[in-house]
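Thanks, everyone. I will go through one structure this morning, starting with its charged contacts and then moving to the sheet.

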Amino acid sequence: MGCRARTSSSELLRVVAEVARVGPVVVPDPRRRQPGRGAWLHPDPGCLRLAERRRAFPRALRAPGALDTSAVQAHLSAGQPRPVAHDMTDAGSVPRQATEGKQVDPS
């Protein structure tokens with residue numbers, strides 16, 4: 001969102017808007033499980049600053065007015081680990097490395 005550079009989704013942090021007592025806030029969603037419209041951001045404070053300067057959060061999350069991004073800033077400054085993409089097969093249960101080299105006769 002901030003730098004607008006394209007990259008794989010495993011390298012990005014998902015953020016969502018939540019309604020709090022003081023108004024709408026942007027919160028990190030590292031597990032990518034929270035409901036609602038999400039936006040994707042590089043887990044870099046510089047990219048967050050660019051997104052704030054461009055006022056990208058209200059547009060991307062379709063929320064009226066300004067959004068508080070202090071929760072995302074705290075998440076990035078805490079050095080939370082980035083989500084890791086696992087190399088899985090279509091079944092999603094066995095790593096590809098375990099299935100390579102086996103051939104099955106289709107007849």
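First, a term: a salt bridge here is a side-chain nitrogen of Lys or Arg within 4 Å of a carboxyl oxygen of Asp or Glu. Please keep in mind that what you see is a predicted model.

By that criterion, the structure holds one salt bridge. Which residue does D29 pair with? The partner is R14, and the closest N and O atoms are 2.6 Å apart. R14 belongs to strand 1, while D29 sits in the loop between strand 2 and strand 3, so the pair ties together parts that lie 15 residues apart in sequence.

Are these two residues buried or exposed? The cut-off for buried is under 20% relative accessible area. D29 has 3%, so D29 is buried. R14 comes out at 10% relative accessibility and therefore also counts as buried.

Now the sheet. As a reminder, strands of a sheet pair through backbone hydrogen bonds, either parallel or antiparallel. In this model there is an open sheet of three strands, in the order 2-1-3, and the pairing is antiparallel. Why does one side of strand 2 and of strand 3 lack a neighbour in the sheet? Both strands stand at the edges and each has a single partner strand, so one side of each is left free of a neighbour there. From one strand to the next, the twist averages 35 degrees.

Let me take the two pairings in turn. Strand 1 and strand 2, which covers residues 23–28, are antiparallel and share six bridges. The connection from strand 1 to strand 2 is a hairpin through two residues. As an example of a bridge in this pair, V19 is partnered with P24 in strand 2.

On the other side, strand 1, residues 13–20, is joined to strand 3, residues 38–41, by four bridges, again with the strands running antiparallel. Here V15 stands opposite A39 of strand 3, and V16 has G38 of that strand as its bridge partner.

What packs on the sheet? Helix 3, residues 70–77, does, and it touches strand 1, strand 2 and strand 3. The direction of helix 3 makes about 20 degrees with that of strand 2.

To close, the points to take away are the one salt bridge and the three-stranded open sheet with helix 3 packed on it.

Note on methods: Residues numbered from 1 in each chain as written. Predicted model: local features only at pLDDT ≥ 70, side-chain atom pairs only at ≥ 80, totals over all residues. Heavy atoms only, no water. Pairing = 2+ DSSP bridges. Axes fitted to C-alpha atoms, helices over the stretch in contact; angles between N-to-C directions. Contact = heavy atoms within 4.5 Å. Buried < 20%, exposed > 50% of the residue type's maximum accessible area, 1.4 Å probe, protein only.
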